[in-house]
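Visitor: I should like a close look at a single part of this model, namely its aromatic residues and their surroundings. Please describe how the rings are arranged.

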Amino acid sequence: MAMASEVRSAAVGNPGVTSRILRGLVARYSAYVVYSKCVAELSALSDRQLSDLGLHRSMIRSLAREEAYGKQ
């Protein structure tokens, strides 16, 4: 219980914390939407179309991850 009151008092004492958390959640969700859309679009291509782009089907998720979240 003490933990919950400490967390609550920290959030109330510093209103910027809540907005930073929300901005972080929105940013993560937006990146996931980009990832998901990229996977869907590339998966819809035929093997021939992927080959014309110099890609293989096994590369789709890693390329989508790089597009959404950047190189890591």
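Guide: In this predicted model, Tyr32 and Tyr35 lie 3 residues apart in helix α2, so about one helical turn separates them. Tyr32 has a relative accessibility of 46% and therefore counts as partly exposed, whereas Tyr35 is buried, at 17% relative accessible area. A second partner of interest is Tyr69: the ring centres of Tyr35 and Tyr69 are 6.3 Å apart with the planes at 35°, so this pair is tilted. The pair connects distant parts of the chain, since Tyr35 belongs to helix α2 and Tyr69 to helix α4, 34 residues apart. Tyr69 itself is partly exposed, with a relative accessible area of 39%.

The count of aromatic pairs comes to 2. The pair of Tyr32 with Tyr35 is tilted, with 6.4 Å from centre to centre and 35° between the planes. Through such ring pairs, Tyr32, Tyr35 and Tyr69 are linked into a cluster.

Tyr35 also leads into the nonpolar interior. The largest nonpolar core has 8 residues: Tyr35, Cys38, Val39, Leu42, Leu50, Ile60, Ala64 and Ala68. Helices α2 (15-43) and α4 (60-69) each supply at least two residues of this core, and the largest share, 4 residues, comes from α2. Within this core, Leu42 may be followed further: beyond its neighbours within four places in sequence, Leu42 is in contact with Leu50, Leu55, Arg57 and Ile60.

Terms used:
Residues numbered from 1 in each chain as written. Predicted model: local features only at pLDDT ≥ 70, side-chain atom pairs only at ≥ 80, totals over all residues. Heavy atoms only, no water. Core = buried A, V, L, I, M, F, W, Y, C linked by side-chain atoms within 4.5 Å. Buried < 20%, exposed > 50% of the residue type's maximum accessible area, 1.4 Å probe, protein only. Contact = heavy atoms within 4.5 Å. Phe/Tyr/Trp six-rings, centres within 6.5 Å; stacked < 30°, edge-to-face > 60°.
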